[in-house]
Amino acid sequence: MATTIDDVARAAGVSTSTVSYVLSGKRPISEPTRQRVERAIRDLGYRPHAGARALASSRTDVLGLMAPLRVDVNFSVIMQFVTGIVSAARTYGHDVLLLTSDEIADMERVASGSMVDALVMMDVEADDPRVPVLTGLSQPAVLIGLPRDPEGLSCVDLDFAAAGRLAAQHLARLGHRRIALIGSPRAVMERHTSYAERMIEGFTRGVTESNVEGVVEACEASTAGASDAVDRVLARLPDVTALVVHNEVALPWVLATLRERGRHVPDDVSVVALCPSDVALGQLLPLTSIDIPAQAIGEVAVEMAMARVVRDEPAETRLLAPRLVERGSTAARPA
């Protein structure tokens, strides 16, 4: 016979309502009583019915993740974010409902149907039309990204502006006076995706403060796109001696094009990549890089969501500081 909440209450010597409050967290319970109830739950192997638990606590134990799978996104990096979110959610006893479109109607359907306790949203644009909608939902939301106006929503991301500035200044300190940023695909930039715009902003600030010349070129995630981006850089800055590459998919093709054009790394041109560390280490020459800590950002997003759900904490913004790891792809400017 299945164990019931009444069995747990009898074993713990408390009322069934006390057991319910321990499970739901809706009322404070003294530590000794809570421990007694939890011990009885473990000893009896009690598993509350998911539907009943949701009704009692007004929670679903599900987080919604809105991760649009557009053609111009890097799926392997997206999955690193998803891995961090799913792993962290499990530590809170939550499952993850994945939404792969960016349709506002889908977001509203999930929220209005009380299918999730909170929403985590990726691929945030500077003026994202989803943000005003999220502020009107009953569930809290966390953005992986930083719009121009978060409108009271929690946000977490790498500080891409600081990363762009750090990359430019590192190369300038090595003596490079002509530096180019090969960035995201044009569609990403035209959508005013937050991370891409902040990266360009930081890079531009870095070259200006270092009194060096810098150019920015969009780069499609293809062999031809990488070749075109490198050629445009060489046309604008024939004596370029340093590149910052913020495009994980195109990165190997950028390096291959440099070789084809007779530019050897790091003898002729230094390269700093903004990408997950495994991507930087996976090239023929391990690259000096600024890591995109995708899994860590996903974990922080869940922590922030649960802080809103469980403790009703106020919204906050966390930008993770960039860290540059120097490897074999950067050197002093060639004479």
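**Exercise 1. Disulfides**

Determine how many disulfides the structure holds by the sulfur-distance rule, and explain what C219 and C275 contribute to the count.

*Solution.* A disulfide is a covalent bond between the sulfur atoms of two cysteines. The rule applied here asks for a pair of cysteine sulfur atoms within 2.5 Å. For C219, the closest cysteine sulfur belongs to C275 and is 14 Å away, which is too far for a bond. Starting from C275, the closest cysteine sulfur is in turn that of C219, again at 14 Å and too far for a bond. By this rule the count is therefore zero disulfides. As for their surroundings, C219 is buried at 0% relative accessibility, and C275 is buried at 1%, where buried means under 20% relative accessible area, exposed over 50%, and partly exposed in between (1.4 Å probe, protein chains only).

The model is predicted, so that local features need pLDDT of at least 70 and side-chain atom pairs count only at pLDDT 80 or more, while totals for chains, interfaces and linings use all residues. Residues are numbered from 1 along each chain as its sequence is written, and side-chain values use heavy atoms, with hydrogens and water left out.

**Exercise 2. The chain as a whole**

Describe the protein chain by its secondary structure, its box, its buried share and its contacts.

*Solution.* The chain has 14 helices and 12 strands; these are DSSP runs numbered from the N terminus, with helices (H or I) of at least four residues and strands (E) of at least two. Taken along the principal axes, the C-alpha atoms fill a box of roughly 85 × 35 × 35 Å. Of the 335 residues, 48% are buried. Finally, among contacts (heavy atoms within 4.5 Å) between residues at least 6 apart in sequence, 71% join residues at least 24 apart.

**Exercise 3. An aromatic pair**

Classify the geometry of the ring pair formed by F160 and Y195, and state which helices it ties together.

*Solution.* A pair of aromatic rings is described by the distance of the centres and the angle of the planes. Rings of Phe, Tyr and Trp (its six-membered ring) pair if their centres lie within 6.5 Å, and planes under 30 degrees apart count as stacked, over 60 as edge-to-face and the rest as tilted. The structure holds one such pair. The ring centres of F160 and Y195 are 5.7 Å apart and the planes stand at 40°, so the pair is tilted. Because F160 lies in helix 8 (residues 160-173) and Y195 in helix 10 (residues 194-209), the pair ties together parts that are 35 residues apart in sequence. F160 is buried, with a relative accessible area of 4%, whereas Y195 is partly exposed at 23%.

**Exercise 4. Two packed helices**

Work out how helix 5 and helix 14 are oriented towards one another, and which residues meet.

*Solution.* Helix 5 (residues 75-91) and helix 14 (residues 294-311) pack with their axes 7 Å apart and at an angle of about 40°; axes are lines fitted to C-alpha atoms, for helices over the stretch in contact, and angles run from 0 to 180 degrees between N-to-C directions. This makes helix 5 oblique to helix 14, since angles under 35 degrees count as roughly parallel, over 145 as roughly antiparallel, 65 to 115 as roughly perpendicular and the rest as oblique. Their crossing is right-handed, which means that the near helix is turned clockwise from the far one by less than a right angle. Residues of helix 5 in the interface include V77, F81, I85 and A88, and those of helix 14 include I297, G298 and V302.

**Exercise 5. Helix 12 and the loop after it**

Identify which residues of helix 12 are buried, what covers them, and which backbone features are found at G262 and P266.

*Solution.* In helix 12 (residues 251-260), the buried residues are L251, V254, L255, A256, T257 and L258. Among the elements that cover them are strand 6 (178-182), helix 11 (223-236) and strand 9 (270-274). The helix is followed by G262, whose phi is positive, near 75°. P266 lies in the loop between helix 12 and strand 9, and the peptide bond leading to P266 from V265 is cis, with omega near 0°.
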